[in-house]
Structures are given as structure tokens and as C-alpha cells.
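Biologist: Could you take one part of this model, look at it closely, and describe it with care?

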Amino acid sequence: MVGERLGVGIGWRPEIDLTVERLPGVDFVEVIAENIRPGRLPESLRVLRSRGVPVIPHGVGLGVGGAEPPDPARLAHLAACAEALGAPLVSEHLAFVRAGGLEAGHLLPVPRTRRALAVVTENVRRAQDALPVPLALENVAAIFGWPEDEMTEAEFLGELVAATGVGLLVDVANLYTNQVNLGLPAVGALDALPLSELAYVHVAGGHEHGGVWHDTHTAHVSDEILAVLSELCARVDPPGVLLEWDADYPSDAALEAELGRIREAMARG
Amino acid sequence: MAEAVPPEEPAGTRPDVRGGPGPGGRPGREEPAGAQGVREEPAGQAGREELARAQAGLLAALVAGAQAPPGFDGERLRIQTASLVAKRRSVVARLRPDLVQTLGEDFRAEFAAYASGRPRPPGGSRADAADFAGHLVRTGRIPAGAGSGDRAGSGTGSGPGNDGPEAGSGPGSGSGTGPPRPAGRWARLTRWLGGERDPWEDDAR
């Protein structure tokens, strides 16, 4: 699945649809899969597709790290999104989002044990079987760890990749979040992840509050996070790097400048 | 929402491309030994049940006020809980700016009091906003009758109704500071975002 050159991109959101269309240097975009209907794509995405800009459906509700097998209806939706957008791949998260009849409303970390790995491996295989394009999974930002964790997230993802061939979406902001919150060195994670299976990279800003990093996707990307991106680029030439910005949108010029900072950080790697 | 039907599935768009080279669901390269042909559950039902118990116990502690499972860092779980409530609050604020205006600086504390130990109801953020308004009426914070101003339910609002696991990625209220958007496209988009029920209502995107 690696080999698809994506370039530098930004998360497409309805609030910044025209901004994304006219920003220079947007090589690809991502759309939250649950926010679109494959049969009624937003006009802005159709415009981008007509220009040949790849659009990747990014799922947030599958919960492939959950105890239940992935919902066939959700998988069918992701598949239909990929078809409608002509997407080269679909991405989701190594996370659970619901359990015991409750919705988390958030991407929560999976207990990283051998027994959980077996469940998640089976879930990933089911997802792959239902999708017409390759799947890539993203590492998540965590505030807490499970007491029974036997592996780091990088090791867990490495095992998943080896067992299923799933691709990697490495979120360097999430690696930085886990470094601050859980004391897991981001560079150590980069060394442990099978970066040869990298599909693309996420970058986003956040803020620190009381010694805890909150990955809000609403702020300027910090130099520390860009340094993790440079470290990644020193190890592998990423097929794509995408900026996530989800609310409190800045000016078009500020977003353009952020993409420029990302390119500079990539060049330093 | 497990029972949800996908929004629309274009006919004939699910070609069976597996088993051949190219963009199949599985990568078209060699799988590790042992991975091929293993269709039975290596995890086993017991493994799924164990994981289900663990995740349900933790989630109940995070969103429903249950006692934290043993071994977790309680302070970290408290921070996670607060973070989840903050996320809910930001979406409800976008859906119900009238409540933000009425409550002013009390909005945050009132929402925290409402959401403490109370998971988001089925029906997603719109249901959450409606329940919050009902809570405010019951506690006398707003007059009865003022609790039904859900913009998103009106068919012309721009509220998300479902923001998601990832930070605030749901379509919001157009709070961007960039140049104004042409009404036509924005209106078309918000028409279906706001006026039609989203099948993935329970996702807190």
C-alpha cells in the first residue's frame, strides 16, 4: 500500500471547504467518513476530485480496537465512501469508542495485551475483507494507560502490521501527546514502528494544561511536534503528511503558513 | 450506532477485488506465515468477552460515574473524564448558542453538573443538548418552554449533532475567521447536515 505518493495535505472540513480548495500546495485531503454520504458528496469534495486531488475517507467511529467485531454497516459505509471518492485507501484508529452500551465520544486506547491483540487482529482482518482498498490504522493520543499493558503502542501496532498487513497512519502529534502524558518517548516509538508500512502522517496542534497535553487540533503546531515529524522524515520518506485542524479556524494565510512549516520540518529530516 | 443503516450505498460499487493483485482489501503481497486462511477466531469468544468486560468497566467509570477498575491511575481517569465532558460541552454550545447566552459564564459549571456521571444519551449530541435543556428547566435555571431551541433540529441550523471521537471534527457553526462563504454552497451543505437525521448520530465526532 505504500508507494501511493500523496504529498502534503489538510483535513477537509465543511467550515473551511473553500479555503481548502484555494490553498496553494494542498496535494491531498482527508474527510471524516461519518460526516459524508457517498451518494451526495459535498460539492467542494467533487471539485477537489475533479482536479485529481486524492480524498481519503478517515473513519472515527468503527472502533476496531473494541471487543465486538466491527459493525458491517459501518464497514459498508467506509467502503462506499472509498468507492465514491476513488480513494487510494481508508484510514481508521487503533482505538475503542464504545463498550457496554456506552459511547465514549472519543478514541480511547486499547489494553495492549497479547489477548487483546488477538481480538484486534481478527477485527482488522474483518475490516480489510470488507473494504475495496487498503486500510491504515492510526496511533491515538492517550491521557491514561491500562495497568495490564504488556507492550508499547508501537509494538502493538507492529504486531498488527505483521499479522494483517494493515498500513500505518502515524500521528506525530499523538506520539508527542503520549510522550508528555505517559512518558513514552516519541522518538523511541518511531524506532519501534514498522515505518516501511507507512501510508501517511498526521500533524496537529494542541495545548498543555496542568502538565497534560491535550491534542485539540485547534492550534498552531508546536515546534516540538514538528521536531517529531523531522525525526520521522529522517527515518523514512513519508508518502504523505496531513495537517488536522478541527475548530477555531485561523485565516487562510495562517493555514498556508502551517503547511509551509510542515514542509520545512520535512526538509529538515 | 450499531443498528445504523449506512447513509447510501451506490449500487454496484462493491466490486469483489479480493484475491487478485491491486487494490484489494488485503495488500497484494505475501502474508506472514500462519496468517493465510485463518478464518476462525484466534482470539476466541473468551478473549472477546474479557476485553468487553474490561472496556465496559473502564468506560462506565469514565462517563457514567462508576468506580474505576483497579490498577488505573485515578487522577488520569479524572482528567480523561473532564476532557470527555469538555468535548460534549463544546458541541452542545455550538448546537445551543441560546443556552450559552442565557447562562453566560455559568454555562460551563451547569453543563458539568448535568454531565457528571451521566453518559451522553442515545441519539448523539442533539439528544445531549435537548437533555441538558430539560435539566436546566427542571432545576429552574431556564423557564419552561425555553428548552426547545435546538437549532439543528430546525432544518436550517448548522449544528453538527455529532462531533466525534477526534477533537471537534464534526461540522460546526462556521466559526472560521476566514472570508465569508457563499451562501449557496454553505446552505446546501447545512441543509443535510442540519435538517436530516444523520445515521451515525451516536458518533461523537
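**A stretch of chain B, and a helix of chain A**

Modeller: Over residues 52–137 of chain B the chain is 74% helix and 0% strand (DSSP runs of H or I, at least four residues, and of E, at least two, numbered from the N terminus), and the C-alpha atoms at its two ends lie 37 Å apart. This is a predicted model, in which local features need pLDDT of at least 70, side-chain atom pairs count only at pLDDT 80 or more, and totals for chains, interfaces and linings use all residues. Residues are numbered from 1 along each chain as its sequence is written, while chains are lettered from A and ligands numbered from 1 in the order written.

An unreviewed UniProt entry annotates residues 52–137 of chain B as "domain: SCO6045-like C-terminal", in the numbering used here, with the feature name shortened and the annotation possibly inferred rather than shown by experiment. Chain B comes to six helices and zero strands, in the order α-α-α-α-α-α from the N terminus. Of its 205 residues, 37% are buried (20 or more other C-beta atoms, placed from the backbone, within 10 Å of their own). Among the contacts of chain B (such C-beta atoms within 7 Å) that join residues at least 6 apart in sequence, 62% link residues at least 24 apart.

In chain A, the buried residues of helix α8(A) are Ile225(A), Leu226(A), Val228(A), Leu229(A) and Leu232(A). They lie on the same side of α8(A), because they cover an arc of only 150° around the axis (from the directions from the helix axis to the C-beta atoms).

Notes
A residue is buried if 20 or more other C-beta atoms lie within 10 Å of its own, exposed if 12 or fewer, and partly exposed in between; C-beta atoms are placed from the backbone. Two residues are in contact if their C-beta atoms, placed from the backbone, lie within 7 Å.
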